[in-house]
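Me: I have a set of labels that I would like explained one at a time. Please set each value against its cut-off and then conclude.

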Amino acid sequence: TGKSTGWEDGGWGVWDEAELQEPEEEEATSRNQRNYWLQDCVLSLSPTNDLMVIANEQKAVFLVPKWKQSDKGKEEMQYAVGWSGSLNVEEGECVSSVLCIPLASQKRSSTGRPDWTCIVVGFTSGYVRFYTESGVLLLAQLLNEDPVLQLKCRTYEIPRHPGVTEQNEELSILYPAAIVTIDGFSLFQSLRACRNQVARAAASGNENVQPPPLAYKKWGLQDVDTIVDHASIGIMTLSPFDQMKTASNIGGYNAAIKNSPPAMSQYVTVGSNPFTGFFFALEGSSQPLLSHVALAVASKLTSALFNAASGWLGWKSKHEEEPAQKQKPKVEPATPLAVRFGLPDSRRHGERICLSPCNTLAAVTDDFGRVILLDVTRGLAVRMWKGYRDAEVGWIQTVEDLHEREAEKMDLSPFGNAQGPSRVAQFLVIYAPRRGILEVWSTQQGPRVGAFNVGKYCRLLYPGYKIMGLNNVTSQGWQPQTYQICLVDPVSGTVKTIHVPFHLALSDKKSERAKDMHLVKKLNALLKAKISDPDLIEGEAKELILEIKYPATKKQALESILTSERVPLSSLTNITQTLMDNLKKQELECVDEGLLQFCTNKLKLLHLYELVNKLNSQSVQKDTPPSDNDLAKLLRLEEKDFHRLQTLLENYKKENTQTSVQFPDEKDDILSVKMFLEYLEYEKDVINVKNMEDREYVALGNFFFWKCLCGESSTEEMCRALESAGFSPQTLLSLLLNLWLSKEKDILDKPDSVSCLHTILSLLSKMKVAIDESWDTQSVSPWWQQMRTACVQSENNAAALLSAHVGHAVTAQIIDTVTEKK
């Protein structure tokens, strides 16, 4: 049996476009019977997804998930057989109900995974037996002699509000006319003790420690014809009004009312006459019963242990000759509990009841194909669905992500503050096997928010509990990975979990905004996922960004993509181009001008980055290094002055030599596209450099000009590309000088860099608006003043001196050109 770790999200939102088609009827009856086998089995999957039990009559198999290589060569989680065999002890008994309950670890270092998982099995003989994952029988209890109909569990949950009553952990066992509830703490301690007992006995063969007895309550349910399922709501405290109403209904107008409302345990049953029955057991009206823990020892263990244990188990005395297994323990009588009220429906029989995570709603199915939503607090049916024969139901509780509320914070609503508590939404999941459709409904009166074709032979599993053994202290630091509901498909051999986004519980405009935020969140998860295929990331990112409705959210999503270091340049360009093309296709009045301009500007920058990268990667034939005479002519220096400059630089180089480490992987000319987009911004077709640190400023200049200064890239093409993109000459001069002055050590080792600087500076000076056309050669030019200021402020004297000489030479060249024109 394989396992799919996630639910396909593609189906959300398609239900209103066209009604889902039911799968074609299978023609072969034998195939139907072959696929229908899972419907006849008793099935349970641990909430932590670490153990699955499938049982049929006496036999059972325990499955554990393991990472294996599939036929396609991919690593995937598959279920493997951990144990299989027969579970029956009494003659003729069959398995009627199974639960897999993960038990919390008592170690402080635990990170949320359970210590081990206990398998609880109910039998038609009335026995309830507890097993380890390896099939070792830990203990057995006969608390009632009727068949076990249903096992259900409740684990600790932190109350959402201060006024909500804290519920105790418990295991509830339903019999045809009784309910037994075992205290969770007592059960937890007994199971730990029995497991330790079996481990010690297996190791030594003679140790035994008597485990603590189980504390349980047993209620005999009266005034009901038949019961097939139940829900233990837990302890509830009535409000003063409800207390007076209840007292009046039971004792009449003159009934005495206590000062404080009594605490009661509420049970709801389904069956017939009444269709649903509501029972209330007053706390303190029945003392907990204590059972002797019937420790079961596997046949592998020594007979000495069995004989030693049989005495304190209460099965027999030393003088009895009858085998211990034949002696049934004493069954305590039940405390009578009459039904207080119910929903009468004589023609219909209830089949299943499923309590919601918030303990206020319950879904009931019946033999007429109805699903009824109950308000268990008021005892009312608040909604009904028809046409769901043999339906299986479950619940999904979704907690709001406060980041998704950012979209609503401008609304004048009590939830506009993103710092407020997270809201919680309840969704009812209905699986209709006759139609092979799984539906998700928003409760109480919400619409259908999802529907999927899943096949006719699946089983819907909803445990309704998490990990046993936690309390209000230990649960604070735990983050257990548990699923809420899943679908087992025997045809494809997969287990699929179901997840519902919170925004589907909202309506109208808020729902659309929240859906957008959900899509942004999904996009961010995609960008962080370990996916090696860039085409896959690009395709999914395009779909998500086009699905987002609001322009501001689209912009936010595009910014997330552009700042991701995992998306290649080609994908960034394609995604931005796709979004821009989509905007241009829309009607003019519907297009958000700000978003369209944002896409246009980012696309220009991406094209510029691609062009600069291309120019830097092209190999240019280097010119012959200039001789001393050539450099002297270039700088317009006499031979004597040039040698004096060389000597000065050589002495400076010796005095200021510092040992530095250069790693071979470092590439000075590479700047990531993410940083490139962060450094630059467009404003009215002009590229501006944002305010940033000197190091970042140098990195940007390095990306544009270092290859040119080394003679490895075409200076003319680079300057032409930067000018065409929208850079002002003043910005480029600033970037060039910052780079030159910071790379003093490198330029002193490369004499030809001086001639390259001369070429770049000449080209920048010839650009439009570089030097004012009305500049008088006798006055100070702002262009050269910018260069003079940079040289004066620099601490790298040699680089500043060289740039000053180059600047002087270029100025002289420009003056000569102007003079010639005149």
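Me: Why is Arg352 called partly exposed?
Reply: Arg352 has a relative accessible area of 43%. Buried means under 20%, exposed means over 50%, and partly exposed is in between (1.4 Å probe, protein chains only). The 43% of Arg352 lies in between, so Arg352 is partly exposed. This is a predicted model, in which local features need pLDDT of at least 70, side-chain atom pairs count only at pLDDT 80 or more, and totals for chains, interfaces and linings use all residues. Residues are numbered from 1 along each chain as its sequence is written, and side-chain values use heavy atoms, with hydrogens and water left out.

Me: Where is Arg352, and what is it in contact with?
Reply: Arg352 belongs to strand S20, residues 350–355. Strands (E, at least two residues) and helices (H or I, at least four) are DSSP runs numbered from the N terminus. Contact means heavy atoms within 4.5 Å. With neighbours within four places in sequence left aside, Arg352 is in contact with Gln150, Val228, Asp229, Val270, Ala363, Val364 and Thr365. Val228 is 124 residues from Arg352 in sequence, while their C-alpha atoms are 7.3 Å apart.

Me: What makes Asn359 and Asp390 worth listing for their phi?
Reply: Asn359 is not a glycine, although its phi is positive, about 65°. Asp390 is a residue other than glycine too, and its phi is near 60°. Asn359 sits in the loop between S20 and strand S21 (361–366), and Asp390 in the loop between strand S23 (380–386) and strand S24 (392–399). The relative accessible area is 21% for Asn359, which makes it partly exposed. For Asp390 the value is 37%, again partly exposed.

Me: Which peptide bonds are cis, and what is omega there?
Reply: One joins Asn273 and Pro274, with omega about 5°. Another runs from Thr443 to Gln444, with omega near 5°. Pro274 is in the loop between strand S14 (263–272) and strand S15 (276–282). Gln444 is in the loop between strand S26 (437–442) and strand S27 (448–453).

Me: Why are H8 and H9 called roughly antiparallel?
Reply: Two packed helices are described by the angle between their axes and the distance between the axes. Axes are lines fitted to C-alpha atoms, for helices over the stretch in contact, and angles run from 0 to 180 degrees between N-to-C directions. Helix H8 (residues 569–585) and helix H9 (residues 593–617) have axes that come within 10 Å and cross at roughly 150°. Under 35 degrees is roughly parallel, over 145 roughly antiparallel, 65 to 115 roughly perpendicular, and the rest oblique. Roughly 150° is over 145, therefore H8 and H9 are roughly antiparallel. Their crossing is left-handed (the near helix is turned anticlockwise from the far one by less than a right angle; clockwise is right-handed).

Me: What makes H6 and H8 roughly parallel?
Reply: Helix H6 (residues 534–547) packs with H8 at about 25°, and their axes are 10 Å apart. About 25° is under 35 degrees, therefore H6 and H8 are roughly parallel. H6 passes H8 in a right-handed crossing. The H6 side of the contact is Pro534, Glu538, Ala541, Lys542, Ile545 and Leu546, and the H8 side is Ser571, Asn574, Ile575, Thr578, Leu579 and Asn582.

Me: How do you know that Thr715 is buried?
Reply: Thr715 has 8% relative accessibility, which is under 20%, so it counts as buried. Thr715 is found in helix H14, residues 715–725. Cysteine Cys719 is also buried, with a relative accessible area of 4%.

Me: What does H14 meet in H17?
Reply: Thr715, Glu716 and Cys719 of H14 meet Thr759, Ile760, Leu763 and Leu764 of H17. The axes of H14 and helix H17 (residues 753–765) come within 10 Å and cross at roughly 35°. H14 passes H17 in a right-handed crossing.

Me: Why is Cys719 not in a bond with Cys708?
Reply: A disulfide is a pair of cysteine sulfur atoms within 2.5 Å. The closest cysteine sulfur to that of Cys719 is in Cys708, at 6.4 Å, so the two are too far for a bond. A search of the whole structure finds zero disulfides.
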